[in-house]
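Please load the model in your viewer and display it as a cartoon. The tour below proceeds by selections, each followed by a short account of what is found there.

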Amino acid sequence: LQRPENKLPSPKTGPILISVYKFSDQTGQRKPNDRLAVFSSAVTQAPDAFLIKALQDVGDGKWFRVVERGGIDNLIKERQLIKSMRDLYEGPKAKPLDPLLFSGIIIEGGIIGYDSSVTSGGAGYRFLGVGPQTQYRTDLITVSLRAVSVNTGEVLLAVTVSKNIASYSDDFNILKFVDLNTKAFESEVGIAANESVNLATQRAIEAAVVEMIRQGEKKNYWSFMTTTAGD
């Protein structure tokens, strides 16, 4: 989130309390494979980890305070355990736990699209059985975010962001006939590079968070802190 395109001014009114209950892969897409069936998911099944981190880090960590909701059952059980032990050993004078924080905005959404081989192609040549070959392919991942008002249930903001995932390979092939052209000798060497799907997912989520903040500022849900000329 420290890249120039993700730089944002600080919020004028301080950090906003926000909740993330569920942010998941809604595509059901499996890893693309042209040769056999693959049952591994194409994208991470825990994209909420990227979302929570992006919310905490955006704007140098000055925009949002994220409250725990994904593991709320475990949190409540732990609080109940602490209360029971304090009541048992300290009696009526047991010190109560601080109240849980609650938020005014819930973030909903998920990974809503994963398209394989959106573009693909290549080029190559051979001269006397020797020559290079290059192939490429791009996939597309799409992320959706919604900011929902806890007070009214209204969808305040809706953002959709897509990110390309690039893959390419370079090969060098040799095909020669030896021993009076009765035997074939073939050799191939190559290298392939595939952009990380997890990294692309993270980048798409970060971009969606930044765009959500910018849209919210345009709709006057919050405002940027202005700086004077002498600052």
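Which residue takes a positive phi in the hairpin of β4 and β5? Select Leu 128: its phi is near 55°, and the hairpin has five residues between the strands. The coordinates are those of a predicted model, in which local features need pLDDT of at least 70 and side-chain atom pairs count only at pLDDT 80 or more, while totals for chains, interfaces and linings use all residues. Residues are numbered from 1 along each chain as its sequence is written, and side-chain values use heavy atoms, with hydrogens and water left out.

**The paired strands**

Next, select β4 (105-124) and β5 (130-149). These two strands pair in the antiparallel sense over 16 bridges; two strands count as paired if DSSP finds at least two bridges between them. Strands here are DSSP runs of E with at least two residues, and helices are runs of H or I with at least four, numbered from the N terminus. To inspect one position of the pairing, pick Gly 113, which stands opposite Thr 142 in β5.

Extend the selection to β6 (residues 155-178). β5 and β6 are also antiparallel, with 19 bridges, and Val 143 has Val 161 in β6 as its bridge partner. Five residues separate β5 from β6 in their hairpin, where Gly 153 in the turn has a positive phi of about 80°.

**Helix α1**

Move to helix α1 (residues 48-61) and centre the view on Ala 54, where there is a kink of about 30°. The bend at a residue is the angle between axes fitted to the seven residues ending there and the seven starting there. Ala 54 is also one of the buried residues of α1, together with Leu 51, Leu 55, Val 58 and Gly 59. Buried means under 20% relative accessible area, exposed over 50%, and partly exposed in between (1.4 Å probe, protein chains only). The buried residues of α1 pack against β1 (16-20), β3 (64-67), β4, β5 and α3 (197-218), contact being heavy atoms within 4.5 Å.

**Salt bridges**

How many salt bridges does a search of the whole structure find? The search finds five, a salt bridge being a side-chain nitrogen of Lys or Arg within 4 Å of a carboxyl oxygen of Asp or Glu. Three of them can be visited in turn.

- Asp 57 and Lys 53: their side chains meet at 3.4 Å, N to O. Both residues lie in helix α1, four residues apart, about one turn of the helix. Asp 57 is partly exposed at 27%, as is Lys 53 at 44%.
- Lys 163 and Glu 195: the N to O distance is 2.9 Å. Lys 163 lies in β6 and Glu 195 in the loop between β7 (183-194) and α3, so the pair ties together parts that are 32 residues apart in sequence.
- Arg 203 and Glu 206: the closest N and O atoms are 3.7 Å apart, and both residues belong to helix α3. Arg 203 is partly exposed at 29% relative accessibility, whereas Glu 206 is buried at 5%.

**A nonpolar patch**

Finally, select Leu 81, Met 85, Leu 88 and Tyr 89, which make a nonpolar surface patch of about 480 Å². Such patches consist of residues with over 30% relative accessible area and no salt bridge, nonpolar side chains (Val, Leu, Ile, Met, Phe, Trp, Tyr) being joined within 5 Å and like charges within 9 Å. Accessible areas come from the Shrake-Rupley method with a 1.4 Å probe; for residues, only the protein chains shown count as cover. Tyr 89 is found in helix α2 (residues 72-90) and is exposed, with a relative accessible area of 68%.
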